[in-house]
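Me: Please examine one part of this predicted model closely: the open sheet and what packs on it. Please then continue to the neighbouring topics of helix burial and aromatic contacts.

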Amino acid sequence: MKYANNILETIGNTPLVKLNKVLGDDFPALVLAKVETFNPGNSVKDRMALKMIEDAEKDGRLKPGGTIIEGTSGNTGMGLALAAIIKGYKCIFVTNSKQSKEKCDILRAVGAEVIVCPTDVKPTDPRSYYSVSKRLATETENGWYVNQYDNLSNRTAHYESTAPEIWEQTEGKLTHFVVGAGTGGTITGCGMFFKEKNPTIKIIGIDTYGSILKEFHETGELHYDHAYTYITEGIGEDIIPENYDMSIIDHFEKVTDKDGAIYARKLAKEEGIFCGYSAGSAIASLVQMKDQFTKDDVIVVLLHDHGSRYVGKIYNDDWMKEMGWLD
């Protein structure tokens, strides 16, 4: 009989699916989507969540019966919560008001306590979800603050699992890796692996307007005051997490909130792939960069999470009309 001993054993080995319509008939290259919604928590974050917990168990940061505390946009929290259920930990997750209601409801459904903080505050503000999660970690007995932004187990997970899967699935023929950039774990971990295998592979990060990632990559200068509020979920940053190695990344492409939403809906309707906001941003970026690709290119685009997280926003016609993005 073939079966998994628990749900954590189903993480990984997600499919690579050719995109046929959403990019248009004249798109020159072969584009393959790494559909990470097939993970049990419906996102790529399951991989790094389990790795961060296992590493913390090994070195004693996370002790039996402990409480896992993290600031999350939702998907990392889901991965942590699934692992916590199997391993016997409690979870407290701190998020911001920009995140969809569905994400908070899902986290509560798997037993986590969820605290929502204001979005439009600086990271150093005591009300920010960064600050609140750090404070709770010091106040909670036997608590462990995950800190996915600076926890290098994040990028190691993708170096050890996501990238090798893609390399094997493409037989090493990929020429470009395109992925939304947030904490830096996926893009840096995969990028490190691919550059070791073939330094000519281009690593492209998807950023959003309001984020400082692209500016820092191009100038090496940090201007926190250049960050401003954006609607897109799951990508972009108003800080530079330690998981980043900017030398691995060849280019950042910015996508508007509107285009990310529209292309997520197009991906669902034209390819039957029901994914989240950042997936739409990734598809929109490829359309924007179309002239930079050739017929010989093999592009792998990673689709982070599932569309069910966004049914009250980008997949809701009334919300889209309120934003002025739908006729």
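Reply: In this predicted model, an open sheet is formed by 4 strands in the order 5-4-3-6, with parallel pairing. Strand 5 (113-117) and strand 6 (143-145) occupy the edges; each has a single partner strand, so one side of each is left without a neighbour in the sheet. From one strand to the next, the twist averages 20°.

The pairing at one of these edges can be described in detail. Strand 3 (residues 67-71) pairs with strand 6 in the parallel sense, over 3 bridges. Within this pairing, T67 stands opposite G143 of strand 6.

Two helices are to be considered together with the sheet. Helix 3 (residues 101-109) lies across strand 4 (90-96) and strand 5, and runs at about 155° to strand 5. Helix 4 (residues 129-139) packs on the sheet and touches strand 3, strand 4, strand 5 and strand 6. The direction of helix 4 makes about 160° with that of strand 4.

Helix 6 merits separate treatment. Helix 6 covers residues 185-197, and its 13 residues should span 18 Å at 1.5 Å a residue; the end C-alpha atoms are 18 Å apart, which agrees. Of those 13 residues, 10 are buried, so helix 6 is largely enclosed by the rest of the structure. The buried residues are G185, T186, I187, T188, G189, C190, G191, F193, F194 and K195. Their cover includes helix 5 (153-169), strand 7 (176-180), strand 8 (202-208) and strand 10 (298-303).

Two of the buried residues of helix 6, F193 and F194, lead to the aromatic contacts. Ring pairs link F193 and F194 with Y159, W167 and F177 into a cluster. Under a rule that pairs rings whose centres lie within 6.5 Å, the count comes to 9 aromatic pairs. One aromatic pair is formed by W319 and W325: the ring centres are 5.7 Å apart and the planes are at 80°, an edge-to-face arrangement. The edge-to-face label applies because planes over 60 degrees apart are counted in that way. Both W319 and W325 are buried.

A contact between a charge and a ring completes the description. The charged end of K254 sits over the ring of Y209, at 5.6 Å from the ring centre.

Definitions and conventions
Residues are numbered from 1 along each chain as its sequence is written. This is a predicted model: local features need pLDDT of at least 70, side-chain atom pairs count only at pLDDT 80 or more; totals for chains, interfaces and linings use all residues. Side-chain values use heavy atoms; hydrogens and water are left out. Rings of Phe, Tyr and Trp (its six-membered ring) pair if their centres lie within 6.5 Å; planes under 30 degrees apart count as stacked, over 60 as edge-to-face and the rest as tilted. Buried means under 20% relative accessible area, exposed over 50%, partly exposed in between (1.4 Å probe, protein chains only). A charge sits over a ring if NZ of Lys or CZ of Arg is within 6 Å of the ring centre and within 35 degrees of the ring normal. The expected span of a helix is 1.5 Å times one less than its number of residues. Contact means heavy atoms within 4.5 Å. Two strands pair if DSSP finds at least two bridges between them. Axes are lines fitted to C-alpha atoms, for helices over the stretch in contact, and angles run from 0 to 180 degrees between N-to-C directions.
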